[in-house]
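Please open the structure in a viewer and keep the selection tool at hand. The tour below proceeds stop by stop, naming what to select and what is found there.

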Amino acid sequence: MYRIRLHGRGGQGIKTGSRILGSAFFGAGFEVQDAPVYGAERRGAAMSAHVRAARTPIRERGVITRPDLVALVDETLLQVPAANVLLGVDAASVLLLQGNGDAETWRARLALSGTVVVLPAAGERAEAELGGARCAGAAARLAGVISRPQLIAAIAQELASLGPVATATTTAQALAAYDAVAPHAGVLRESRPAAATAFAAPEWIDLPLESARVAAPAIFAAATSVEVRTGLWRTMRPEIDYARCNRCAWICSTLCPDSAIRVRADRSPEIDLEHCKGCMICVSVCPPQAIRALPERAARARELAAAP
Amino acid sequence: MNPALRRMKDLPSTHLLGAGSAMCAGCGGLLALHEICDLLGARTVFVNAASCMTLLASYPFTPFRGSWLYTAMASAPAGAQGVRDALDILSERGRLPPEQDLTAVALTGDGAATGIGLSATAGAIDRGLDFIYLCYDNEGYGNTGQQSSPATPLGARTATSTGAHGHPASKMDLFAIWVAQRPAYAATVIGADPLDLARKIDRARALKGPRLIHALAPCPPGWSFDPAEGVEIGRLAVKTGIWPLKEYVDGRVVHTHVPHPRLPVEEYLKRQGRFRHLFEPGRDTRVLAQIQSQVDAYWEQVCA
Ligand SMILES: Cc1ncc(C[n+]2csc(CCOP(=O)(O)OP(=O)(O)O)c2C)c(N)n1
Ligand code: SF4
Ligand code: SF4
Ligand code: SF4
Ligand SMILES: [Mg+2]
């Protein structure tokens, strides 16, 4: 059985990617399961999707804790502990990572002993939503049991309702990824179904049953949501060029949906990067175009380089 | 008009709604809510019906400075009634000084406002309930994956309107339904025009009785557009006349902005994936003409 876990952010097409991959396996004669997993959060927040494919009926259920392949659409998720990207990755697993850098560097950085395949990142904005489809295309090639026509047919089937243009761009991206990882075709191996006796209980913590006052005490503090770091959702970062800024912060700070632009005493704006979700509305409404959009990946790399 | 709200510059520069909430990046509903909170102040009780915004306050986190009550989807106005009654009882018994009184605000999506919650709303208006009903309208059941609601516009593709011509019915006119019941106040707003919105909230705040604030809420995933374009799409909704900005006060409807020249509706439609099938692969001239003629007819009647 192939057990494949896709990781990305809401809006990067992870769910669509898993549907495409599932349908492609199905077209190649496999039994298939595919299911996305996401919480209450929205676009930009970490999510995953789980695909199982086997030549015999699949009896396993639920999230994949021992993956044969982890396909990561957005490498910045490695810094988000809750995303749990590397859960269960061992020497036998393959990590497919969409991003920059070479496989050896990533293996060293992540201390992995298994195979790492890097899928060069696509263009930043327009193709971001196709990350899931790109990873599906690459995963299909890594498995080595899905042909080009089978991949194309799966995309046509899954995107039929979105029209011919969306289908064509998605197909082009998925095929580009399918071709890009050709040297690694077949590197992904099926693993055996897990024996029930091998089941390891999750590492959960048992909480004693307590009265509601203790288990869920009343909270009187205001605006506690600031404890949630929605800045981790961001794939693009707004950056103010203060030399060009007109100090008209009533514009950008009012139009930021997330209350993430503070107005300083001198009427200049300050972006709260712990909470900015990277919608880029401020970039599009700033009259003198004093805010630019920077890929979060590049911004973090720059910060790392500047750190002592 | 409040002389303190003449220019954009006069808008509040500190923001009351906390960051860190679970709405999508670029949510047009959140944009309107954050602007509204700055004018309403902290002394509010938001009464929510099941919707995207239910995720705003999930224990132990809340972006609000005041209280929050979550009700069943049909019941926000009934919840607001209970809150108002409780406050009134406290006041009568001298246990709530006037300066500590709170405003009850029903906060729901269009699905609750135009569909399942409409009957509870009609009852609350009929009883003259002193509350503000804030409907953020993303034109569908957003939280469950954007199925059609009565507020879905003609021609839009939704999870349940997948036919070649999109949604077959026209958008329900919630504002007109409210006005027919002679409420204390009703207004349409949009986050993309914060000054117009601020003046209306300022006016609504000073009144008593049932008050509607109906905010069009561009929704990146539901309408399928890049979140960066949310404000521009909102402005186009106003400039094309698709979303008339108006208020009902003292028994009269007044348009607070008459678009002139009025842009063709296509300028608004073509920016959104939910209308893409009207342009690709071929133009759906019938539906496009129908949408334009509905908007034309509206403004002819306004300007007559
Ligand atoms: C009685 C009832 N029916 C269905 C649901 C499921 N439900 C939860 S949120 C939602 C969508 C509500 O749509 P809308 O009011 O427009 O708010 P939005 O999600 O778009 O913000 C639905 C159908 C529910 N909670 N209660
Ligand atoms: S809108 Fe632009 S110019 Fe004005 S304060 Fe904000 S960043 Fe500066
Ligand atoms: S990108 Fe700009 S508008 Fe969007 S959340 Fe960040 S600061 Fe606010
Ligand atoms: S689905 Fe739409 S309305 Fe709901 S949180 Fe996202 S942007 Fe806002
Ligand atoms: Mg809705």
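**A buried threonine**

Begin by selecting A:Thr230, which counts as buried, at 1% relative accessibility. The model is a predicted one. A:Thr230 is located in the loop of chain A that runs between helix 6 (212–215) and strand 7 (236–240). Which residues does A:Thr230 touch, leaving aside those up to four places away in sequence? Select A:Glu274, A:His275, A:Cys276 and A:Lys277, and then add B:Gly20 and B:Ser21 from chain B; A:Thr230 touches each of these.

**A valine in strand 3**

Next, select A:Val51, a residue of strand 3 (residues 46–54) in chain A. Is A:Val51 buried or exposed? It counts as buried, with a relative accessibility of 0%. Residues up to four places away in sequence aside, the contacts of A:Val51 include A:Tyr2, A:Arg3, A:Ile4 and A:Leu6. Also among them are A:Ser18, A:Leu21, A:Gly22 and A:Phe25, as well as A:Gln33, A:Asp34 and A:Ile64. For a distance to display, choose the C-alpha atoms of A:Val51 and A:Val63: the two residues are twelve apart along the chain, and these atoms are separated by 9.1 Å.

**The whole of chain B**

Now select chain B in a cartoon view, where ten helices and eight strands may be traced. The radius of gyration of chain B is 19 Å, close to the 19 Å given by the globule rule for 304 residues, so the chain is as compact as a globular protein of that length. Along the principal axes, its C-alpha atoms fill a box of roughly 70 × 40 × 35 Å.

Of the 304 residues in chain B, 55% count as buried. Where contacts in this chain link residues at least 6 apart in sequence, 67% of them join residues at least 24 apart.

Switch to a surface view: chain B exposes about 12,000 Å², of which carbon and sulfur atoms supply 55%. Colouring by charge would mark 29 positive and 28 negative side chains in chain B, and the centres of the two sets lie 2 Å apart.

**The magnesium ion**

Finally, select the magnesium ion (ligand 5). Which residues coordinate the magnesium ion (ligand 5)? They are B:Asp110 through OD, B:Asn138 through OD1 and B:Gly140 through O, at 2.0 to 2.1 Å. The spacing of these donor residues in sequence is D-x27-N-x1-G. B:Asn138 is buried, with a relative accessible area of 6%, and B:Gly140 is buried as well, at 4%.

Key
Residues are numbered from 1 along each chain as its sequence is written. Chains are lettered from A and ligands numbered from 1 in the order in which they are written. This is a predicted model: local features need pLDDT of at least 70, side-chain atom pairs count only at pLDDT 80 or more; totals for chains, interfaces and linings use all residues. Side-chain values use heavy atoms; hydrogens and water are left out. Helices (H or I, at least four residues) and strands (E, at least two) are DSSP runs, numbered from the N terminus. The radius of gyration is taken over C-alpha atoms; the globule rule is 2.2 Å times the number of residues to the power 0.38. Buried means under 20% relative accessible area, exposed over 50%, partly exposed in between (1.4 Å probe, protein chains only). Contact means heavy atoms within 4.5 Å. Accessible areas come from the Shrake-Rupley method with a 1.4 Å probe; for residues, only the protein chains shown count as cover. Lys and Arg count as positive and Asp and Glu as negative; His and the chain ends are not counted. The place of a charge is taken as NZ of Lys, CZ of Arg, CG of Asp or CD of Glu. Donors are N, O and S atoms within 2.8 Å of the metal (3.2 Å for Na, K and Ca); water is not among the atoms, so sites may look incomplete.
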